[in-house]
Protein chains: 2
Amino acid sequence: MLNGRTPSVKDVAAAAGVSLGTVSNVMNRPEVVSARTRERVERAMSELGFVRNESARQLRAGTSRTLAYVMLDGTNPFFHDVAQGIELAAEDADLSLFICNSNSRSAREAVHLDRLLQQRVQGILITPVDPAAPHLDELIRRGVPMVIVDRIGNADSCCSVAVDDVLGGRIAVEHLAEQGHTRVAFIGGPESLGQVHERLVGAREMWASLGNDPEDLIYLPTETLSVSEGRSAGERLAGLAARRRPTAAFCANDLLALGLLQQSIGAGLRVPDDLAIVGFDDIEFAAAAAVPLTSVRQPRQELGRAAAQLVLDEATNPDHRHQQLQFTPELVARASTVSRNRTM
Amino acid sequence: MLNGRTPSVKDVAAAAGVSLGTVSNVMNRPEVVSARTRERVERAMSELGFVRNESARQLRAGTSRTLAYVMLDGTNPFFHDVAQGIELAAEDADLSLFICNSNSRSAREAVHLDRLLQQRVQGILITPVDPAAPHLDELIRRGVPMVIVDRIGNADSCCSVAVDDVLGGRIAVEHLAEQGHTRVAFIGGPESLGQVHERLVGAREMWASLGNDPEDLIYLPTETLSVSEGRSAGERLAGLAARRRPTAAFCANDLLALGLLQQSIGAGLRVPDDLAIVGFDDIEFAAAAAVPLTSVRQPRQELGRAAAQLVLDEATNPDHRHQQLQFTPELVARASTVSRNRTM
DNA sequence: TACATTCACTGAAACATTTCAACTTTACCG
DNA sequence: CGGTAAAGTTGAAATGTTTCAGTGAATGTA
């Protein structure tokens, strides 16, 4: 009767001597079926090794049991931490999480979104390459619940969750100024990335409001936010004339900061005495560096968790209102800016 | 006619004035439909904004378009690199990749596998908590294509892809011996993890075959393979009596090595002069450390790619034979074992 | 002209579930 | 004991595709 096929509800029904509908009820509304038959059905299921076919379920019920996250850069642990937060929220809601990686390429992102659309996922969380890309508008037009992560989107088209990047830039520079630095580098890029732009804006704001010469906040642009770009920024820094050379660097993320740290130490500089370094994100590896890295912490898991809750609200609550959640970043001071001699 | 619903093939067929079957052919066998109607159908599709419903496709066609990878530890970048390799292979085969994380917990792993079964994924790649767990046998019994990654499974029940961990242990210790070390620590755990066990076995083999006293290869067990365990191993190391204290440490993975490196430098040791360190895996952050880490490289992406190819073969090739693919690890010597003074 | 072959398209069945109105059975009440 | 309500179960329809046997039309062949 089963010749090889994996068993279906029909087989279970036959084995338990009940109708299809009853088997379905056992799975979906166990409270409406009597204890005796429920037990009988459950035994039949486990004897046959029945596994519910999710495609059929989804087709008929019209609703999928998965969320998706399209991350920006799989080589940056920051995004995996965000994903972990989403995963936890998804787990609570008994949903699966589909993780995709656009690798900063808009075309890849579009391909992933198309697939997710075909999948009819319940909601999409995304850290977009470009929040103004047309394929994002299309999601909205289609009514797919979506929330933008790590970037504040334009107010009323969708929800978003992010940290206040301008403030992040401010507190990083404030900290360096407090440590007595009067010439500071900002390292990061491309500036088209909103995160980078806003951190730079915050840095400049604070620098000016402390009464410093704008010329003394030196912007060293990079191609990407990677360790190797951090290293090469270090070389450029070393190449500056001594009286122009900054005594501290604020990097737009921790990967850059780690690269810069490595290059500096390799070149014989003492960190923080010759060069102080502040990163951004506060990934695990920042704290684990040989000279533990001062960094502007984002609540990474919390970001993900909050985003998942918003997308779920949009998916299930008929009078959902879009909102822009903004978390407050926090400076975590470590040895890369605070000299041991000075503190002790 | 469409009132709100997302359009189906039926709507497209009506709009283009053809039958359902023709629309399906346009999507699946475009060569059998005439250029003129194909064009008409395609126009109708884009005008209506048609997106194929994957559940329905999968239900009818009986075959899904996704692979899944269940990774062991989401905090270790090594596994993300493996996942990236799988993703590339999946992309080539036009499949999606579902990534799950068991977080080293068998129960979580079982939950994920159950969901994947319901999803009827085409194949499962997994780095298992315990390769002998019953839920893995069940996959095999059900005939789901599966390959074990980063661990050699028992010969003929399924495919597996891994690096020769025993050899990895040997070359690490050989390298340290060559650098003149006569007392070496092996740091790692739990020993129940096959990878750890075999690396230790290799280390001991090589140590003995070089004619050293087994007593001088000191095993410092850890609870997990994490940065913080690396730090605490460093403290234990520092606590040893000076004449017992090793001058070099071989860590079972790079996270441990990074933790050890940090702790050692913080305690004022010079690396490699006071303590040489070798890691395992060669993740990006190993090369990016302040003192770049010598490490036993695994071909991370290649591991994933090969595993994906095996699972696809099992899924599509009727006379597939299980095989155990074994890659050769390679020592990458960097500053954490090779003193600058010595090389120059 | 009759016949065979190829080409383009059609229509209905099938996939495995959920849902829901209708039906039976049981329990309760006066 | 008759009537009603509640509880439990059934059967068929519906979901959006793919597949495949079949229908016509057009083309080529004798």
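**Notebook: contacts to DNA strand D, and cysteines**

I began with Val9(B) in this predicted model, and found that one of its backbone N or O atoms lies 2.7 Å from a phosphate oxygen of DNA strand D. Val9(B) is also listed among the closest of the 24 residues that surround the strand, together with Ser19(A), Thr22(A), Thr37(A) and Arg60(A).

I then looked up further polar contacts to the phosphates of strand D. For Ser34(A), I found a polar backbone atom 3.2 Å from a phosphate oxygen of the strand, whereas for Ser24(B) the partner is an N or O atom of the side chain, at 3.0 Å from a phosphate oxygen.

Next I asked which part of the strand faces the protein, and noted that 66% of the strand D atoms within 4 Å of the protein belong to sugar or phosphate, with the rest belonging to bases.

On the protein side, I traced the surface near strand D to helices of both chains: α2 (20-28) and α4 (54-61) of chain A, and α2 (20-28) and α4 (54-61) of chain B, each supply at least two residues. The helix that gives the most is α2(B), with five residues. Sorting the residues of this surface by type, I obtained nine nonpolar, ten polar and five charged.

Finally, I searched the whole structure for disulfides and found zero over all chains. Cys158(B) is in no disulfide, since the nearest cysteine sulfur, that of Cys159(B), is 6.9 Å away, and the cut-off for a pair of sulfur atoms is 2.5 Å. I also noted that Cys158(B) counts as buried because its relative accessible area is 2%, and that Cys251(A) is buried too, at 0% relative accessibility.

Key: Residues are numbered from 1 along each chain as its sequence is written. Chains are lettered from A and ligands numbered from 1 in the order in which they are written. This is a predicted model: local features need pLDDT of at least 70, side-chain atom pairs count only at pLDDT 80 or more; totals for chains, interfaces and linings use all residues. Side-chain values use heavy atoms; hydrogens and water are left out. Buried means under 20% relative accessible area, exposed over 50%, partly exposed in between (1.4 Å probe, protein chains only). A residue is near a molecule or strand if one of its heavy atoms lies within 4 Å of it. A polar contact is a pair of N or O atoms within 3.5 Å; within protein, one must be able to donate a hydrogen and the other to accept it, and residues adjacent in sequence count only if both atoms are side-chain atoms. Helices (H or I, at least four residues) and strands (E, at least two) are DSSP runs, numbered from the N terminus. Ala, Val, Leu, Ile, Met, Phe, Trp, Tyr, Cys and Pro count as nonpolar, Asp, Glu, Lys and Arg as charged, and the others, Gly among them, as polar.
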